[in-house]
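Open the model in your viewer and keep the selection box at hand. This tour goes stop by stop.

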Amino acid sequence: MVVCFHYLNFNNGIEYIIPNDEIRNYEAFGAKGVNKFYIISGFVIVYAMTNNGYKFMYYAKYVLNRIIRIIPTYAITIFAIFIFSQIICYKTFDWDWKQILSNLTFTVDSWEGQKWINPVFITLKVEFQFYLALGLLLPIIMKNNFLKFFIYSAWLLSGRMTYEEQTFLLYSPYFITGITLFEIYSNKEIILNSVILACLFLFVFYYHDLQDTIIMLMTVILILWLKINSGLIAFYGKISYSLYLTHGLTGGWFLFFTTKDNYFHINHGFAILIALALSILGAYFFHLLIEKPSINTGNRIRYDSGKLFS
């Protein structure tokens, strides 16, 4: 959804390649797919941590695993963007160590005058913040219902108080939804967690918008009721992180060069289809060559019980 949104709303520096505002505004619904990603992320990471017997004493190993899983692949992507910008586009960008360091550590917003190399990576910052917080909060959430309510309430309230900031606090209803769906999926206090889920729906509908609520409902149905177990779904799940990181480098650059008259010009709709195919193909090879080695390295980190991190 998000990749389609980026391509249908692609601006080649001269114009939007899809000039129809209605189509682009309709496809803006696809941008809400990031909220679906946050819900699924909350569900999957809690599923893995709980089934592997995560405890607070494993926090350092857990964080190290997340760093190994995310940062090397992300860093190589940033380097690739730099190379493409310098060589392929014949442009010189004033990148300095502060910009690179702030991007690699997801602290761009804390450095005055720094910018994201790719604004899309803001969502990765949000995700990484969630991982850091979850490792501290999950043992408490799963142990005590009173503290669970307190943490959820404080999390939601903090998001409202920092609404203009792009942090994991703002997206709290989606992460909490993922955690709650895991508990329902695991048949743990179904009535209580169903009430929490209903409250989250009301919160999103009131404080966010109808589109967010619809995306949330679709994701809940997908996780709890639709038993989708196909090779295609598994394939997209496998390459999703690589696709997220590289679709701008593959399909994005393709659209840049093929939708301008001063370059090789083709029909914009056809160009978008080719860009989607290239982005999937590129993500597949990026996963095999770059991401998978990081996953294998991270999986060498084990709990004291011998169970793998996930």
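Is L281 buried, partly exposed or exposed? With a relative accessible area of 46%, L281 is partly exposed. Keep in mind that you are looking at a predicted model.

**Stop 1: the surface patch**

Select L281 in helix α13, which covers residues 268–298. Now add Y284, F285, L288 and L289 to the selection. Together with L281, these residues form a nonpolar patch on the surface. The accessible area of the patch is about 470 Å².

**Stop 2: the whole protein**

Zoom out and switch to a cartoon view. The protein has 13 helices and 0 strands. Follow the chain from its start, and the pattern reads α-α-α-α-α-α-α-α-α-α-α-α-α. Of the 310 residues, 45% are buried. Show the surface next. The accessible surface comes to about 16500 Å², and carbon and sulfur atoms account for 67% of it. Contacts also reach along the chain: among those between residues at least 6 apart in sequence, 70% join residues at least 24 apart.

**Stop 3: helices α3 and α8**

Select Y38 and F175. How many aromatic pairs does the count come to? The count comes to 24. Y38 and F175 form one of them, a tilted pair with 4.8 Å from centre to centre and 45° between the planes. Y38 sits in helix α3 (residues 33–51) and F175 in helix α8, 137 residues apart, so this pair links distant parts of the chain. Y38 is buried, at a relative accessible area of 0%. F175 is buried too, at 0% relative accessibility.

Move on to F43 and F182. Their ring centres are 6.3 Å apart and their planes stand at 70°, so this pair is edge-to-face. F43 belongs to helix α3 and F182 to helix α8, so parts 139 residues apart in sequence are tied together. Both F43 and F182 are buried.

**Stop 4: the ring cluster**

Go back to Y38 and F175, and widen the selection. Ring pairs join them in a cluster with F37, F130, Y131, W155, F168, Y171 and Y174. Colour the cluster and stay on Y131. What lies over the face of Y131? R66 does, at 5.1 Å from the ring centre.

**Stop 5: charged partners**

Switch to the charged side chains. Side chains of opposite charge can pair when their charged atoms come close. A search of the whole structure finds 4 salt bridges.

Select K125 and D109. They form a salt bridge, with 2.7 Å between the closest N and O atoms. K125 is in helix α6 (residues 122–141), while D109 is in the loop between α5 (97–104) and α6. The two are 16 residues apart, and the pair links distant parts of the chain. Is K125 buried or exposed? K125 is buried, with a relative accessible area of 3%.

Next, select E183 and K148. This salt bridge has its closest N and O atoms 2.9 Å apart. E183 is in helix α8 and K148 in helix α7 (residues 145–161), with their positions 35 residues apart in the chain. E183 is buried, at a relative accessible area of 0%. K148 also counts as buried, at 1% relative accessibility.

Add K188. K188 forms a salt bridge with E183, the closest N and O atoms being 3.6 Å apart. K148, E183 and K188 are thus linked in a network of salt bridges. K188 is partly exposed, with a relative accessible area of 28%.

**Stop 6: the loop after α8**

Stay in this area and select N187. N187 lies in the loop between α8 (172–185) and α9 (190–207). Most residues other than glycine have a negative phi. N187 is not a glycine, yet its phi is positive, at about 60°. At 60% relative accessibility, N187 counts as exposed.

Now select E189, which is found in the loop between α8 and α9. E189 has a positive phi as well, near 45°, and is a residue other than glycine. At 35% relative accessibility, E189 counts as partly exposed.

**Stop 7: helix α12**

Finish with L255 in helix α12 (residues 248–258). L255 is buried, at 0% relative accessibility. Then select I272. How many residues apart in sequence are L255 and I272? They are 17 residues apart, and their C-alpha atoms are 7.0 Å apart in space.

How values were computed. Residues are numbered from 1 along each chain as its sequence is written. This is a predicted model: local features need pLDDT of at least 70, side-chain atom pairs count only at pLDDT 80 or more; totals for chains, interfaces and linings use all residues. Side-chain values use heavy atoms; hydrogens and water are left out. Helices (H or I, at least four residues) and strands (E, at least two) are DSSP runs, numbered from the N terminus. Buried means under 20% relative accessible area, exposed over 50%, partly exposed in between (1.4 Å probe, protein chains only). Contact means heavy atoms within 4.5 Å. Accessible areas come from the Shrake-Rupley method with a 1.4 Å probe; for residues, only the protein chains shown count as cover. Patches are made of residues with over 30% relative accessible area and no salt bridge: like charges are joined within 9 Å, nonpolar side chains (Val, Leu, Ile, Met, Phe, Trp, Tyr) within 5 Å. A salt bridge is a side-chain nitrogen of Lys or Arg within 4 Å of a carboxyl oxygen of Asp or Glu. Rings of Phe, Tyr and Trp (its six-membered ring) pair if their centres lie within 6.5 Å; planes under 30 degrees apart count as stacked, over 60 as edge-to-face and the rest as tilted. A charge sits over a ring if NZ of Lys or CZ of Arg is within 6 Å of the ring centre and within 35 degrees of the ring normal.
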